[in-house]
There are 2 protein chains.
Amino acid sequence: MDIHEIHFAHRFDNVSGSAIREIFKVIAQPGMISFAGGNPSPAALPDRTVSDLARQVLEKDGKAILQYGATEGYAPFLESLKAYAESQLGVQIPAILPVTGSTQAMDLLCKAMIDPGDTILVENPSFLGNIQCMKLYQANLIPVDSDDSGLIPSDLEAKIRQYHPKMLYTIPTFQNPTGKTLPEDRRRAIAELSNQYGVVVAEDDPYRDLRYTGNQIPSIKSFDQNGWVMFLGSFSKIISPGLRVGYIAGNADIIRKCTVGKQSTDVHTSNLNQAIVDQFIRKNLLPDHIRQICLEYGSKMRAMLKCLNDFPDGVHFTHPEGGLFIWAELPQSIDAVNMLSKAVMQKVAYVPGTYFCVDGGHLNTIRLNFSNSTLEQIEYGMNVLSKIIQSEM
Amino acid sequence: MDIHEIHFAHRFDNVSGSAIREIFKVIAQPGMISFAGGNPSPAALPDRTVSDLARQVLEKDGKAILQYGATEGYAPFLESLKAYAESQLGVQIPAILPVTGSTQAMDLLCKAMIDPGDTILVENPSFLGNIQCMKLYQANLIPVDSDDSGLIPSDLEAKIRQYHPKMLYTIPTFQNPTGKTLPEDRRRAIAELSNQYGVVVAEDDPYRDLRYTGNQIPSIKSFDQNGWVMFLGSFSKIISPGLRVGYIAGNADIIRKCTVGKQSTDVHTSNLNQAIVDQFIRKNLLPDHIRQICLEYGSKMRAMLKCLNDFPDGVHFTHPEGGLFIWAELPQSIDAVNMLSKAVMQKVAYVPGTYFCVDGGHLNTIRLNFSNSTLEQIEYGMNVLSKIIQSEM
């Protein structure tokens with residue numbers, strides 16, 4: 001018999017693991033129509049291309065790829081990635097670091113910047129995985145107000161003056177979970193405020209290329225004069241999440257600290273995975289592949305929005321121009337957490353919006369993903385949801 | 001002009017990045033004979049097999065491999081890994097988590113267990129990467145005394161009673177940097193002390209299979225009655241470090257905390273890389289491959305030891321039975337940091353031992369790697385070192 005108890009680190013005191021991941025276990029039943037995940041559709045995952053590229057890079061540079069690599073990145077990828085990111089961002093980048101999925105970008109940025117008790121301003125609602133990341137760094141999370149266009153600069157400034165935050169975390173394009181996109185003038189305002197007050201901005205932009213209508217908007221980073229905006233990029237949504245390749249770009253001193261942090265986090269990102277993404281960039285395979293994905297996801301998004309138009313009065317929802325998610329507000333009296341079990345019994349799943357809210361509440365909200373269902377599933381599943389909502393009113 | 005300064009997190013106050021990595025930049029010159037790294041030899045890296053396996057797994061399960069995976073691991077690998085690890089360890093394992101190289105095992109274990117100021121007992125000297133990891137968690141590192149057989153249990157118990165540590169970090173087999181292997185009775189003693197006092201043991205055992213003489217010794221974990229020993233395993237030395245696949249095994253509550261930590265660290269380890277290692281295990285490719293590696297490295301180790309026998313009097317060195325490293329103590333008057341520049345001028349490199357020492361000092365020590373040089377390079381390079389040492393005496 002063991003007389004001792006295990007004492008875990010205090011950073012876990014308020015973190016018990018992702019609630020969403022528990023939902024995912026429940027809904028992993030055969031026949032479930034899931035609007036819950038944020039997964040690419042199977043058709044969008046280029047398995048044959050990846051197989052060909054893996055063979056090619058291992059034939060050409062196999063010994064170096066299987067050997068230890070530099071923490072700073074696999075040299076050919078570092079080169080192609082920098083050019084790629086600069087074309088994405090529309091500005092020169094002083095430094096860039098390939099990482100093991102953009103989740104690691106956030107982890108390393110927090111490792112570099114955040115002491116327990118430091119304040120981070122966050123959009124509310126926001127991406128659950130990175131909320132958990134910030135909580136594990138024992139940050140003080142303060143929500144910033146949003147309207148239909150996203151983060152409100154005047155509230156951001158007020159919160160900066162009140163809380164003296166170390167960082168702002170934002171997903172400006174096709175936001176997770178709301179699907180909202182921040183307009184150009186607000187991006188410029190955020191960059192200016194970050195420079196004026198010395199606040200690091202974590203600009204998390206994994207959905208940027210998934211635009212189905214409207215025009216590309218310049219990054220917050222492109223308005224950054226003094227190097228306070230760090231850009232977090234990902235290949236998860238345009239190549240494959242399973243490969244775990246992303247990047248962080250911006251201020252060289254911050255990238256250096258992230259690199260030192262990465263030395264003792266995973267030494268370097270798998271060379272094979274970096275080499276595969278490198279070939280996607282060098283062979284210019286991304287534009288066509290992204291075009292195909294956008295065709296597929298765009299029609300799914302329109303189908304889901306069309307269904308939502310027929311939902312009962314009192315249901316409000318966002319009108320994204322891209323990304324993976326639509327956010328819906330049900331009538332105040334409906335508790336979307338309770339309603340989930342009824343939906344799951346009828347083989348339809350979503351994520352209750354409260355889980356994305358830094359301050360809890362918002363029990364009448366839901367997040368709907370359209371990328372990982374067929375048009376038929378969307379039509380059928382949304383009809384089920386509509387009827388359940390009707391019966392709850 | 002920017003009027004604000006960036007304030008990094010305090011965990012970096014005493015961490016400036018790996019000194020070794022700076023050395024590596026200097027010695028990355030053409031023609032350099034490097035005894036400095038800890039890299040597998042090119043011949044030991046199975047590039048053709050990895051290429052074949054990558055194609056096979058992507059053909060068979062490509063869509064799942066490129067999709068998001070479970071943080072808990074790619075299901076087929078989780079199954080084969082558990083059986084593999086249990087055969088390695090000689091005991092049942094309650095829980096196991098695939099990680100992105102065993103460096104991540106240490107990072108997640110510290111994330112789960114260590115608050116700033118917590119004490120970790122460490123062998124001295126020890127592996128630099130994990131020393132940096134523990135420093136970034138702001139642990140209080142206390143060295144435990146060793147003799148020719150490694151960690152001394154009586155000193156370990158004294159230090160446990162004095163410092164009430166959260167953890168002991170040890171590399172029991174072919175230790176990095178000394179090459180020493182802890183005998184069975186001491187392993188049993190360490191397991192018993194950890195159980196008696198409630199101290200988590202991080203048993204880091206990446207070199208275990210690289211044995212060139214003598215018999216396999218049971219793991220510390222195999223003597224663990226109450227689940228205080230966590231085993232950190234790696235495929236970096238027996239398949240490829242570039243693929244970044246390792247694991248952590250032991251107590252289910254601790255593994256659960258590591259899993260939650262991993263959710264917001266990199267979500268999951270690349271499925272492709274897990275699937276490749278899975279096939280190495282399932283196709284039983286490891287025994288033959290390890291036998292070949294051991295033949296190659298064993299002859300290199302013997303060649304280097306033979307050279308050391310001819311070194312000037314006053315040079316003492318370890319006699320490993322496997323692994324990648326030999327540790328040498330030069331006469332007290334020699335400063336191995338200063339001596340390095342002379343060696344590098346003659347195109348020979350090593351790592352000064354002081355960099356591995358938690359408390360600094362030990363300026364007269366060096367770490368020599370033999371795996372990544374040819375027999376000719378070993379003979380030539382060791383002769384150069386011998387003459388430099390002679391001239392310094």
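This report describes the fold of chain A, its pairing with chain B and the nonpolar core of a predicted model.

Chain A contains 12 helices and 15 strands. Its radius of gyration is 21 Å, close to the 21 Å that the globule rule gives for 393 residues, so chain A is as compact as a globular protein of that length. Some overall values for this chain are set out below.

| Property of chain A | Value |
|---|---|
| Span of the C-alpha trace along the principal axes | about 65 × 60 × 50 Å |
| Residues that count as buried | 55% of 393 residues |
| Contacts between residues 24 or more positions apart | 76% of the contacts with a separation of 6 or more |

How are the two chains related? A turn of 180° with a shift of 0.0 Å along the axis lays chain A on chain B, with an RMSD of 0.0 Å. The two copies are thus related as by a two-fold rotation axis. Both copies use the same surface, since 100% of the contact residues of chain A recur in chain B.

The largest nonpolar core holds 233 residues. Within this core, the residues with the most contacts are L109(A), I248(A), L109(B) and I248(B). Two of these residues, I248(A) and L109(A), touch each other. Leaving aside residues up to four places away in sequence, I248(A) also touches L97(A), V99(A), A105(A) and L108(A), along with M230(A), L232(A), I255(A) and C258(A).

Note on methods
Residues numbered from 1 in each chain as written. Chains lettered and ligands numbered in written order. Predicted model: local features only at pLDDT ≥ 70, side-chain atom pairs only at ≥ 80, totals over all residues. Core = buried A, V, L, I, M, F, W, Y, C linked by C-beta atoms within 7 Å. Buried ≥ 20, exposed ≤ 12 C-beta atoms within 10 Å, placed from the backbone. Contact = placed C-beta atoms within 7 Å. Helix = DSSP H or I, 4+ residues; strand = E, 2+ residues; numbered from the N terminus. Rg over C-alpha atoms; globule rule 2.2 N^0.38 Å. Least-squares fit on C-alpha atoms with pLDDT ≥ 70 in both.
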